[in-house]
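The exercises below deal with aromatic rings and their neighbours. Work each one on the structure before reading its solution.

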Amino acid sequence: MKLNIQHAASFVPSGSLKAIAAQTAACNELLENGKGAGNDYIGWVTLPSEIDDAILSDIEATAKSLRESCEIVIVAGIGGSYLGARAVNEALASSFDAYMPERKNPIVVYAGNNIGEDYLADLMALLKGRKFGIINISKSGTTTETALAFRLLKTMLEQQVGKEEARKRIVAVTDKAKGALRSLATKEGYKTYVIPDNVGGRFSVLTPVGLLPVAVAGWDIRAIVKGAQEMQKATAANVPYEKNPAAQYAAMRNALYQYGKKTEILVNFNPRLHYFAEWWKQLYGESEGKDHKGIFTAAVDFTTDLHSMGQWIQEGERNIFETVISIDMPQQEVRIPHDTENLDGLNFLSGRRVDEVNKMAELGTRLAHVDGGVPNIHISFEQLDEYNIGQFIYFFERACGISGYVLGVNPFNQPGVEAYKKNMFALLDKPGYEEESKAIKARLDK
Ligand code: PA5
């Protein structure tokens, strides 16, 4: 991968970037020596180099069995137990994958990431009479969205194929000992995978949380791990700032933040990267948004959103910066045909690749936005394949850890996500929430 921070550096005094850059080595070191805040959740730092052949083979075997027995596999999970797998699967698959008639692998769909009644009804309508399986992913095992979807899907599967067969088509990915999902899996005899204690949800894509759904979709998880291993070496604490892309990205975004750039917009020019941006938004937003600090993470898909948010980015409030993800080479080639009538005026493009148009749109946009006062960080990858995606994942994780420490927060907790749950349980009269129920209802009555 290549990182270019030149068009962002010009927006901050060079002394301030240098001062932050100087902090990154120590912050990166904290990730390795485990002396920083949240140090019980830094297992992801060395995860790529520790993944062994046995676990990869086991995941591949389970994926094969699900592929052989199912037309559809539902991945039930939310947040860190969902976004990584979806990001990778959607980045690698055809944009029209679910509609391709000659499929080798099951369609992977996602549930347990919302509480939409229509969504669940639509999903159950899709599954009626189809051969399906479920990968249920929850580290705590108690997340309402996921548990609720799983209860519905499990009931449906058991009704369709009987308990014995259903058991073979359900896999649980959860804590090694704790939580409702672990107890249920033990009781029912499901195949299970463990989410390590020291890896938090949003850093778990390189565990079975991400690797199993990706393997089910038919992708090469070994190449993903290899890419991540390379990036682990390239971003290690002993790699100097000038050669360390994670340190540079972390430093640049903190420097911009200090100079009033409070929102980072992740930009892609490839629709397959939409869910990568969702994964990235969670990774940085949940890691840094605390203690009343942190960059707000947003994302746009270009050129689509140039026709909507493009106006705001070009001329709205100047409190933003962009990080553009660029893919050097598409996987396929489409050339623009000649048209004798040329009524659309596009013959100047005849014979040229669609990607050339996209790349010029990208370059033109980057220049226009920089001219309009939007700092630009540019990250490019050769192509969208498993190896590069492995690099991509680890690069952003490592930079996130460094960046959070530079900001002065604990990047590995998420105390703020409990507030809505407490209110929801109180409003739903969950046992154990009697006091909260009384208090919240009195508040609503006022
Ligand atoms: O990053 C996180 O910790 C969260 O997004 C969790 O992954 C998410 O809330 C799901 O939690 P669980 O895996 O316990 O169901």
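**Exercise 1.** Find what sits over the ring of F425 in this predicted model.

Solution. The charged end of K430 is placed over the F425 ring, 4.0 Å from the ring centre. A second case involves Y257: K262 lies over its face, at 4.4 Å from the centre of the ring.

**Exercise 2.** Classify the pair formed by the rings of Y249 and F396, and place both residues in the chain.

Solution. Step one is the distance: the ring centres are 5.7 Å apart, and pairing requires centres within 6.5 Å. Step two is the angle: the planes meet at 80°, and over 60 degrees counts as edge-to-face, so the pair is edge-to-face. Step three is location: Y249 belongs to helix α12 (residues 245–258) and F396 to helix α16 (residues 386–407), 147 residues apart, and the pair thus links distant parts of the chain.

**Exercise 3.** Are Y249 and F396 buried or exposed?

Solution. The cut-off for buried is under 20% relative accessible area. Y249 has 0%, so Y249 is buried. F396 also has 0% relative accessibility and therefore counts as buried.

**Exercise 4.** Which cluster do ring pairs build around these residues?

Solution. Ring pairs join Y249, F276, W279, W280, Y284, F381, F392, F395 and F396 into a cluster.

**Exercise 5.** How many aromatic pairs does a search of the whole structure find, and how is the pair of F150 and Y190 arranged?

Solution. The search finds 19 aromatic pairs. F150 and Y190 are edge-to-face, at 6.3 Å centre to centre with 90° between the planes. F150 lies in helix α7 (residues 144–161), while Y190 lies in the loop between α9 (180–188) and β6 (191–194), 40 residues apart. Both F150 and Y190 are buried.

Definitions and conventions
Residues numbered from 1 in each chain as written. Predicted model: local features only at pLDDT ≥ 70, side-chain atom pairs only at ≥ 80, totals over all residues. Heavy atoms only, no water. Phe/Tyr/Trp six-rings, centres within 6.5 Å; stacked < 30°, edge-to-face > 60°. Helix = DSSP H or I, 4+ residues; strand = E, 2+ residues; numbered from the N terminus. Buried < 20%, exposed > 50% of the residue type's maximum accessible area, 1.4 Å probe, protein only. Lys NZ or Arg CZ within 6 Å of the ring centre and 35° of its normal.
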